[in-house]
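This report goes through the fold, the packing and some local backbone features of one protein chain. Please keep the sequence and the structure at hand while reading.

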Amino acid sequence: MKTDLENACLTLEQGGYTCVLCREGETFSRTERGVYPLMDWLRQGTDLRGCSAADRVVGRAAAFLYVLMGVKAVHGSLMSEGGRQVLEQHGIRASWDTLVVSIRNRTNTGICPMEQAVQTAQTPEEACQAIDAALRRMQTSKSTT
């Protein structure tokens, strides 16, 4: 019998998802990129405590959100050193396929905007507020262009 983390990783790999969470036969999956799925689950109050997560990209921002969700393990296809540190500091098992210094933006011209947003955050709550503010700024700039 596969573990929740093994099921999450397999579903991520085979299903074309960006993130998958599994808990005792229950599966939550999304296809949106970035931290949007995690923020959406948090906003909706979806109970994901005790889940194991597999995610395409786990930086510091996503790691803080996983802490708030109460997951027990996170596997990232790509994980940043900062993301690994946040998870491990909060007692969440972290694994990865590729570990990098930092997560780059989608055009590979600099650091991911969400990583920049949480650069000074010390707690998951501070990080969530910074991510929310950054997402609002991004939405505002898109609607004015």
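Which residues touch the most other members of the largest nonpolar core? In this predicted model, that core holds 38 residues, and L21, V35, Y66, V74, L87 and I131 are the ones that touch the most other members.

## Overall fold

The protein chain contains six helices and five strands, and these elements follow one another from the N terminus in the order α-β-β-α-β-α-β-α-β-α-α. The radius of gyration of the protein chain is 14 Å, close to the 15 Å given by the globule rule for 145 residues, so the chain is as compact as a globular protein of that length. Along its principal axes, the C-alpha trace spans about 50 × 30 × 30 Å.

Buried residues account for 44% of the 145 residues in the protein chain. Of the contacts with a separation of 6 or more, 41% are made by residues 24 or more positions apart. The accessible surface of the protein chain comes to about 7,900 Å², and 48% of that surface belongs to carbon and sulfur atoms. As for charge, the chain carries 16 positive and 16 negative side chains, with the centres of the two sets lying 5 Å apart.

## The nonpolar cores

In soluble globular proteins, nonpolar side chains tend to be buried together. In the largest nonpolar core of this model, L21, V35, Y66, V74, L87 and I131 touch the most other members, and the elements that give two or more residues to this core are β1 (19–23), α2, β3 (52–58), α3 (60–69), β4 (73–80), α4 (81–89), α5 (113–117) and α6 (124–143). The element that gives the most is α3, with eight residues. Y66 illustrates how these parts meet: neighbours within four places in sequence aside, Y66 is in contact with C19, L21, L38, A53, D55, V71, V74, L87 and I92.

A second core, separate from the one just described, consists of five residues, among them A8, L12, V20 and C22. C22 is found in strand β1 and is buried, with a relative accessible area of 3%. Apart from neighbours within four places in sequence, the contacts of C22 are with D4, N7, A8, T27, C51 and S52. The C-alpha atoms of C22 and C51 are separated by 5.3 Å, although the two residues lie 29 residues apart along the chain.

## V35 and helix α2

V35 is placed in the loop between β2 (26–30) and α2. Is this loop residue buried or exposed? With a relative accessible area of 7%, V35 is buried, since the cut-off for a buried residue is under 20%. When neighbours within four places in sequence are set aside, V35 is in contact with A61, A62, L65, M114, I131 and L135. One of these partners, M114, is 79 residues from V35 in sequence, yet the C-alpha atoms of the two are 8.0 Å apart in space.

Helix α2 itself covers residues 36–44, and its buried residues are P37, L38, M39 and W41. Just after α2 comes G45, which takes a positive phi of about 75°.

## Helix α4 and its surroundings

In helix α4, the buried residues are G82, G83, R84, V86 and L87, and these buried residues pack against β3, α3, β4 and β5 (93–100). L87 also appears in the largest nonpolar core, among the residues that touch the most other members. After α4 comes G91, whose phi is positive, near 75°.

## Positive phi outside glycine

Two residues other than glycine also deserve a look for their backbone angles. E24, found in the loop between β1 and β2, has a phi near 45°, a positive value in a residue that is not a glycine. At 74% relative accessibility, E24 counts as exposed.

The other case is N108, which lies in the loop between β5 and α5 and has a positive phi of about 60° although N108 is not a glycine. At 52% relative accessibility, N108 counts as exposed, the cut-off for an exposed residue being over 50%.

Conventions: Residues numbered from 1 in each chain as written. Predicted model: local features only at pLDDT ≥ 70, side-chain atom pairs only at ≥ 80, totals over all residues. Heavy atoms only, no water. Helix = DSSP H or I, 4+ residues; strand = E, 2+ residues; numbered from the N terminus. Rg over C-alpha atoms; globule rule 2.2 N^0.38 Å. Buried < 20%, exposed > 50% of the residue type's maximum accessible area, 1.4 Å probe, protein only. Contact = heavy atoms within 4.5 Å. Areas by Shrake-Rupley, 256 points an atom, 1.4 Å probe, with all protein chains shown as cover. Lys, Arg positive; Asp, Glu negative; His and termini not counted. Charge placed at Lys NZ, Arg CZ, Asp CG, Glu CD. Core = buried A, V, L, I, M, F, W, Y, C linked by side-chain atoms within 4.5 Å.
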